[in-house]
Amino acid sequence: MEKTIFDVPTVTLDDDSSSLLIIDQTLLPGELKQIALKEQPAIHEAIYKLRVRGAPAIGVAAAHGIYLAAKALDMDDTADFAAEFLKARDYLKSSRPTAVNLAWALERMTRVMLEKLDEGVPAVKAALLKETLEIQREDEETCRAIGEYGLSLLKPGDGLLTHCNAGQLATSRYGTATAPMYLGHERGYGFHIFCDETRPLLQGARLTATELSSAGMDVTLICDNMAATVLKKGLVDAIFVGCDRVAMNGDTANKIGTMPLAIAAKRFGVPFYVCAPTSTIDPDTATGDGIVIEERPAEEVSDMWYRERMTGDRVKVFNPAFDVTDAELITAFVTEKGILKPPFDISLATVK
């Protein structure tokens with residue numbers, strides 16, 4: 001029987017071979033390939049090139065990656081060890097600027113390193129291994145809890161819409177925005193799900209639509225600019241999206257195209273839910289104005305999916321990877337600790 005993504009972990013640690021194992025998502029849906037990453041440049045490249053992607057999965061990959069960097073340090077002097085660890089941390093942190101989970105996981109691993117440093121290098125390495133496995137375990141539990149809370153907002157037969165990929169391929173299991181869909185499917189809810197294709201990298205078409213249809217769900221793929229029409233026709237009862245960073249006022253960064261979807265949802269009275277692990281809530285960012293938006297190579301728009309460049313050679317390309325959805329457009333945040341409603345400056349503060 002042919003393997004599916006449900007047979008291969010999205011991201012996992014193989015400590016015996018000192019490898020980070022990931023599904024290379026740049027090859028999907030045509031090829032399901034697990035690759036082993038041992039060296040820091042390979043891990044950095046995998047995060048930057050979106051071989052592993054999705055805020056929670058990036059966080060898990062970064063935690064595993066910094067553990068492997070520490071494991072490879074052959075030295076007993078704790079000061080030298082700490083200095084090399086911090087260099088590796090900063091290097092991995094530079095791979096993607098917007099998703100807060102990357103920095104969150106690396107800072108969490110750094111705290112463990114500093115707390116154990118007086119006990120010697122072997123103790124630090126053991127503690128880092130324990131912590132990185134705990135981060136992955138927590139990710140699975142978080143997604144399951146988000147799914148349960150999200151499902152409480154729905155009824156059988158609902159039409160749902162999602163953008164980009166906040167599914168199993170973006171996490172350790174279940175996903176965030178798709179977690180209610182998976183749990184509902186297991187319980188016979190019979191959802192009708194629309195997936196935005198999500199230009200320019202087509203994560204919705206290549207990943208989400210493939211993932212959910214492989215699980216046996218009723219999935220319809222639409223172009224991003226068709227979403228408003230689908231909403232106007234009354235085919236969608238709720239929208240679920242993931243997020244990469246949540247400011248303390250509720251402004252939220254997610255894959256480019258999320259903001260216009262939220263605007264359309266507001267216009268047509270469709271609830272717009274952001275599925276947010278509390279690790280994506282950034283206490284150091286007051287509003288969306290403080291979120292750094294990654295701009296990616298022009299070739300992703302002009303060349304990547306075409307035999308030849310699809311526009312003139314002199315045409316400039318603007319390619320921001322994310323946009324920021326204003327808090328006023330968001331109905332609620334679905335977290336592993338519950339459903340947070342406006343005013344978000346108060347409700348978000350209760351979980352940090």
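**Two helices, two cores and a small sheet**

The axes of α2 and α4 come within 7 Å and cross at roughly 35°. The crossing is right-handed. This is a predicted model.

Look at the residues that make this contact. From α2 come A55, P56, I58, G59, A62, A63, I66 and Y67. From α4 come N101, L102, A105, L106 and M109. By character, eleven of the contact residues of α2 and α4 are nonpolar, two are polar and none is charged.

Now step back to the nonpolar cores. In soluble globular proteins, nonpolar side chains tend to be buried together. The largest nonpolar core here has 39 residues. Those with the most contacts inside it are L20, I22, I66, F81, M109, M113 and L128. Two of these names have come up before: I66 of α2 and M109 of α4 also take part in the helix contact.

Which elements supply this core? Strands β1 (11–14), β2 (19–23) and β3 (34–37) each give at least two residues. So does each of the helices α1 (40–48), α2 (55–71), α3 (78–93), α4 (100–116) and α5 (121–151). The largest share, eleven residues, comes from α2.

Take I22 as a close-up. Set aside its neighbours within four places in sequence. I22 is then in contact with T10, V11, K33, Q34, I35, L37, A46, R51 and V52.

There is also a second, separate core, of 29 residues. Among its members are V236, F272, L329 and I330.

Next comes a sheet. It is open, has three strands in the order β8-β9-β11, and pairs antiparallel. Its edge strands are β8 (245–246) and β11 (322–325), each pairing on one side only. Strands of a sheet pair through backbone hydrogen bonds. Here four bridges join β9 (residues 252–255) to β11, and the two strands run antiparallel. In one of these pairings, N254 has D323 of β11 as its bridge partner.

What covers the sheet? Helix α9 (residues 258–268) lies across β9 and β11, running at about 30° to β11.

Finally, look at the faces of β11. In a regular strand the side chains alternate between the two faces of the sheet. On one side of β11 are F322 and V324; on the other are D323 and T325. All four are buried, and both faces of β11 are covered. D323, the bridge partner of N254, is thus one of the buried residues of this strand.

Conventions. Residues numbered from 1 in each chain as written. Predicted model: local features only at pLDDT ≥ 70, side-chain atom pairs only at ≥ 80, totals over all residues. Heavy atoms only, no water. Pairing = 2+ DSSP bridges. Contact = heavy atoms within 4.5 Å. Axes fitted to C-alpha atoms, helices over the stretch in contact; angles between N-to-C directions. Core = buried A, V, L, I, M, F, W, Y, C linked by side-chain atoms within 4.5 Å. Buried < 20%, exposed > 50% of the residue type's maximum accessible area, 1.4 Å probe, protein only. Left-handed = near helix turned anticlockwise from the far one by under 90°. Nonpolar A, V, L, I, M, F, W, Y, C, P; charged D, E, K, R; others polar.
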